[in-house]
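Let's take a walk through this structure together, one stop at a time. Keep the viewer open as you read, and turn to each spot as it comes up.

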Amino acid sequence: MQIALVTETFTPQINGVALTVQGFQTGLLKLGHRVEIVRPTCAGERAGHVPGELRLPGAALPRYPGLRFGWPAGQKLRQHWRSTNRPDAVYIATEGPLGWSALHAAKALGLPVSTGFHTRFDDYMARYGAGWLAPVAFAWLRRFHNHGDATLVPTRQLQEMLTARGFTQVRWLPRAVDAQAFHPNFRSAELRREWGVDEAGFIAVHVGRIAAEKNLELAVRAFRAIQQHQPNARFVLVGDGPERERLAAANPDFIFTGMQRGNDLAAHFASADLFLFPSLSETFGNVTLEAMASGIPTVAYDYGAAHEHLRDGEHGCTLARNDEAGFIGAAVQLVSDAALRHRMGIAAREAVAAMSPESVCRVFAQMLQELAQAAPVRSAA
C-alpha cells in the first residue's frame with residue numbers, strides 16, 4: 001500500500017504524537033508498505049517534496065517554540081495526491097490547520113482517511129485558564145474526527161467514552177513498547193553518582209513535557225513528602241517545556257536534564273527508583289510503558305496506559321482521578337519499602353516484555369487496508 005501519514009509534529013521533536021507517528025512509519029516500511037510523511041517544515045528547512053516526505057509551510061506554536069503547526073494546504077495536497085503520489089489510505093494524527101486541510105483534500109479525492117485521537121485539547125483548556133472553552137474544544141474535536149472514516153484510539157476506555165459522547169466509527173488500536181530499547185540493563189551507577197546518590201539512595205523521576213497540563217505541582221508535593229522519609233532523595237525531571245524555568249526557580253534542588261533520546265533516555269528511566277506521573281491530560285501516556293519496561297514502579301492515575309496495563313499493587317500504584325492525597329500517600333509508601341519496589345519493578349518488566357511494536361503496525365496496516373477496500377463501496381453509495 002501507499003500510505004500518507006499527516007502530522008503537525010514529527011522528529012526531531014520529542015512528544016507522544018511525534019514518536020507514535022515515527023513508530024508507524026518505521027513499522028509500515030518494515031512490512032513493505034510505501035510511506036510518505038506530510039508535515040510542516042522545521043526551522044531552517046525549505047518546503048517541498050523530498051524522498052519519503054512532503055514538507056509544507058508552518059510556524060512555531062505559541063508558548064511551545066520547539067513545536068510547529070502547519071498552515072492550511074488543501075490545494076497543495078490535492079495537487080500532490082492527484083499525481084503519482086496518490087495514497088491508498090491517509091492517516092491524520094493532528095487536528096490543526098494542516099490536519100483539517102488533509103482531511104478535506106482526502107475526502108474531495110475519494111481517499112479513505114482515518115484519524116488518530118492523540119491529544120485532549122478540551123482538558124488543556126482548564127490548565128491554561130480557559131475552562132469555559134472545554135466544551136467548544138471537544139465539539140471541534142468531534143466534528144473533525146467524525147469527518148473521517150475511522151478514529152483510532154489507544155485504549156478501550158477512551159473508545160467507550162468517545163462513543164458515548166457522539167464520536168462515530170471509533171476503533172481501538174493498541175500501543176506497545178520496545179522492551180529492548182527500554183530495559184533494566186540500562187541502569188547506570190555513574191549516572192546516579194552524577195545525580196548525587198549511590199545505589200542505596202533514592203531517585204524519583206518524571207519524564208515528559210514540563211507544562212501546565214502535566215499537573216507537575218502534584219509531583220512536587222509528592223516528592224517533598226518523600227523527602228520527609230528520605231531527606232537525601234533527589235527528583236530528576238527529563239524533558240523541557242514552558243514551565244521549566246519557573247519550576248526550576250522554585251525548586252533549585254531539582255535536577256533538570258532537558259530532552260533525552262535513545263539509550264540516554266533509557267538510562268534515565270532505568271537509573272531511577274520510582275516514576276511519578278500525575279498527568280490527567282493524556283490520551284495514553286507512552287512513558288508509562290517505558291517505565292514498566294525499564295523495571296521501575298510507577299505512581300499514576302487510573303486511566304490511559306496505566307488503566308490499560310499497570311496493575312495497582314503489582315506494578316506500582318494507580319489512583320482514582322484527582323485523588324491527590326492518595327497519590328502522595330502511594331509515593332511515600334513505596335519510598336519506604338525498597339523490597340516492594342524491587343518486586344514491582346520485576347513484575348512491571350515481565351508484564352510488557354512480550355509486547356511487540358511490529359504487531360501493532362500490522363494491525364494498523366490491516367485497518368488501513370480495510371478502509372481502502374471499503375472506499376469503492378462508499379463511493380458507489
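Leu191 is buried, because its relative accessible area of 10% falls under the 20% limit. In this predicted model, Leu191 belongs to helix 7. Which residues does Leu191 touch, once its neighbours within four places in sequence are left aside? The contacts of Leu191 are Ala267, His268 and Ser271. If you would like a long ruler across the model, try Leu191 and Asp88: their C-alpha atoms lie 47 Å apart, and 103 residues separate the two in sequence.

Now step back to the loop that runs between strand 10 (170–172) and helix 7 (189–194), where you will find Ala181. Ala181 has a relative accessible area of 30%, so it is classed as partly exposed, a label that covers values between the 20% and 50% limits. Beyond its neighbours within four places in sequence, Ala181 is in contact with Phe186 and Ala266. Another pair to try with the ruler is Ala181 and His309, which are 128 residues apart along the chain and have C-alpha atoms separated by 18 Å.

The next topic is helix packing. Two packed helices are described by the angle between their axes and the distance between those axes. Start with helix 2 (residues 74–82) and helix 3 (residues 97–108), whose axes come within 8 Å and cross at roughly 45°. That angle makes helix 2 oblique to helix 3, and the crossing is right-handed. On the helix 2 side, the contact is made by Gly74, Leu77, Arg78 and Trp81. Helix 3 brings Leu98, Ser101, Ala102, Ala105, Ala106 and Ala108 to the contact. Sorted by class, the residues where helix 2 meets helix 3 are 7 nonpolar, 2 polar and 1 charged.

A second pair can be described in the same terms. How do helix 8 (residues 216–227) and helix 13 (residues 324–335) pass each other, and at roughly what angle do their axes cross? The axes of helix 8 and helix 13 come within 9 Å and cross at roughly 40°, and the two helices are therefore oblique to each other. Helix 8 passes helix 13 in a right-handed crossing. From helix 8, the residues taking part are Leu218, Arg221, Ala222, Ala225 and Ile226. They meet Glu324, Phe327, Ile328, Ala331, Val332 and Val335 of helix 13. The contact of helix 8 with helix 13 has 9 nonpolar residues, 2 charged ones and no polar ones.

Both of these helices have a loop leading to them that deserves a look. Asn215 is found in the loop between strand 11 (203–207) and helix 8. The phi of Asn215 is near 60°, a positive value in a residue other than glycine. Is Asn215 buried or exposed? With 10% relative accessibility, Asn215 counts as buried. Asn322 sits in the loop between strand 16 (316–319) and helix 13. Its phi is near 70°, again a positive value in a residue other than glycine. Asn322, however, counts as exposed, because its relative accessibility of 56% is over the 50% limit.

One further asparagine to visit is Asn251, in the loop between helix 9 (244–250) and strand 13 (255–258). Asn251 is buried, with a relative accessible area of 7%. Apart from neighbours within four places in sequence, Asn251 is in contact with Val220, Arg224 and Phe256.

For a backbone feature of another kind, go to the loop between strand 1 (2–6) and helix 1 (16–30), where Pro12 lies. The peptide bond from Thr11 to Pro12 is cis, with omega near 15°.

Last come the cysteines. A disulfide is a covalent bond between the sulfur atoms of two cysteines. How many disulfides are there when a pair of cysteine sulfur atoms has to lie within 2.5 Å? The count comes to 0 disulfides. Cys42 counts as buried at 15% relative accessibility, and Cys317 counts as buried at 7%.

Key. Residues numbered from 1 in each chain as written. Predicted model: local features only at pLDDT ≥ 70, side-chain atom pairs only at ≥ 80, totals over all residues. Heavy atoms only, no water. Axes fitted to C-alpha atoms, helices over the stretch in contact; angles between N-to-C directions. Helix = DSSP H or I, 4+ residues; strand = E, 2+ residues; numbered from the N terminus. Parallel < 35°, antiparallel > 145°, perpendicular 65-115°, else oblique. Left-handed = near helix turned anticlockwise from the far one by under 90°. Contact = heavy atoms within 4.5 Å. Nonpolar A, V, L, I, M, F, W, Y, C, P; charged D, E, K, R; others polar. Disulfide = S-S within 2.5 Å. Buried < 20%, exposed > 50% of the residue type's maximum accessible area, 1.4 Å probe, protein only.
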